[in-house]
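Welcome! Take a moment to look over the chains below, and then we can walk through them together.

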Amino acid sequence: MQIGRVVGTVVSTQKHRKFEGAKLMLVQPLNVDDTPRGTAVLAIDGVGAGVDEKVLVVMEGRAAGEALGKNAAPVDAAIVGIIDAVEVSD
Amino acid sequence: MQLARVIGDVVATRKDENLTGITLLVLQPLTVDRQPAGRPLVAVDAVGAGVGEEVFFVRGKEASFPFYPAEPPVDAGVVGIVDHWDLG
């Protein structure tokens, strides 16, 4: 799983039916020092995260589908937790 | 999943039989500022997207799920057309 920050929300009317009722968030992956890493990705929100929150993101299809509660959903990333704190020792 | 713009399509007559009838699109992945992010790629279309539209796509075997029970040999697929996105 990866650490990220929710930077926005996405609205889509025409989408695959497995996405119905799902919340789509834009998540910027972060390094452990909170610097951005790579391009922002879209993730299903399984926990009610909001913009600016630091979150735990699973980037694997089967686990993301489970977060959505649907089998064989065409998703590859889901927010599965809201992070309170990250501690890294050198 | 990632944001992208559809910048073209691909026509292939001779292909894996499980790809029959499936539209192939050329995508340019985008940053949230609509700048190109990396190299363009080819993805299957599960939602009826067209050239010029902003979409989101999924990578990996999950791209084949919309075509179940067929299992096309694909690793990227468009699964939504974006109306708009908002940054916090």
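This report looks at chain B, then at the place where the chains touch, and then at a few details of the backbone and side chains. Keep in mind as you read that this is a predicted model.

**The fold of chain B**

Let us begin with chain B. Its secondary structure consists of six strands and zero helices, and reading along the sequence gives the pattern β-β-β-β-β-β. The radius of gyration of chain B is 13 Å, close to the 12 Å that the globule rule gives for 88 residues, so chain B is as compact as a globular protein of that length. If you draw a box around the C-alpha atoms of chain B along the principal axes, the box comes to roughly 45 × 20 × 20 Å.

How do the strands sit beside one another? Strand 1 of chain B, residues 2-10, is a good place to look, as it pairs with strand 4 (residues 54-59) of chain B in the antiparallel sense. Strand 1 of chain B also runs antiparallel to strand 2 (residues 24-29) of chain B. To see these pairings for yourself, find B:Leu3, which stands opposite B:Phe56 in strand 4 of chain B. Then find B:Val6, which stands opposite B:Leu27 in strand 2 of chain B.

The pairing does not stop at the edge of a chain: strand 1 of chain A and strand 6 (residues 84-87) of chain B pair in the antiparallel sense. Within this pairing, A:Gly8 has B:Leu87 as its bridge partner. The table sets these strand pairs side by side.

| Strand | Partner strand | Bridges |
|---|---|---|
| strand 1 of chain B | strand 4 of chain B | four bridges |
| strand 1 of chain B | strand 2 of chain B | six bridges |
| strand 1 of chain A | strand 6 of chain B | four bridges |

**Where chain A meets chain B**

Now step back to the whole interface. The contact takes 28 residues from chain A and 25 residues from chain B. About 2,100 Å² is buried between the two chains, and carbon and sulfur atoms give 62% of that area. How many salt bridges does the rule find across the interface of chain A and chain B? The number is zero. The rule does find twelve residue pairs in polar contact there, with both residues at pLDDT 80 or more.

On the side of chain A that touches chain B, the elements giving two or more residues are strand 1 (2-11), strand 2 (24-29), strand 3 (41-45) and helix 1 (61-68) of chain A. Strand 1 of chain A gives the most, with five residues. By type, this side of chain A divides into 17 nonpolar, eight polar and three charged residues.

**Details worth finding**

Over all chains, a search of the whole structure finds five salt bridges. One of the salt bridges joins the side chains of A:Asp34 and A:Lys54, at 2.8 Å from N to O. A:Asp34 lies in the loop between strand 2 and strand 3 of chain A, while A:Lys54 is in strand 4 (residues 54-58) of chain A, so the pair ties together parts that are 20 residues apart in sequence.

Most residues other than glycine have a negative phi, and most peptide bonds are trans. A:Asp34 is not a glycine, yet its phi is positive, at about 75 degrees. In chain B, a cis peptide bond joins B:Tyr68 and B:Pro69, with omega about 10 degrees. You will find B:Pro69 in the loop between strand 4 and strand 5 (76-81) of chain B.

Note on methods
Residues are numbered from 1 along each chain as its sequence is written. Chains are lettered from A and ligands numbered from 1 in the order in which they are written. This is a predicted model: local features need pLDDT of at least 70, side-chain atom pairs count only at pLDDT 80 or more; totals for chains, interfaces and linings use all residues. Side-chain values use heavy atoms; hydrogens and water are left out. Contact means heavy atoms within 4.5 Å. Buried area is the accessible area (1.4 Å probe) that two parts lose on being put together, summed over both. A salt bridge is a side-chain nitrogen of Lys or Arg within 4 Å of a carboxyl oxygen of Asp or Glu. A polar contact is a pair of N or O atoms within 3.5 Å; within protein, one must be able to donate a hydrogen and the other to accept it, and residues adjacent in sequence count only if both atoms are side-chain atoms. Ala, Val, Leu, Ile, Met, Phe, Trp, Tyr, Cys and Pro count as nonpolar, Asp, Glu, Lys and Arg as charged, and the others, Gly among them, as polar. Two strands pair if DSSP finds at least two bridges between them. The radius of gyration is taken over C-alpha atoms; the globule rule is 2.2 Å times the number of residues to the power 0.38.
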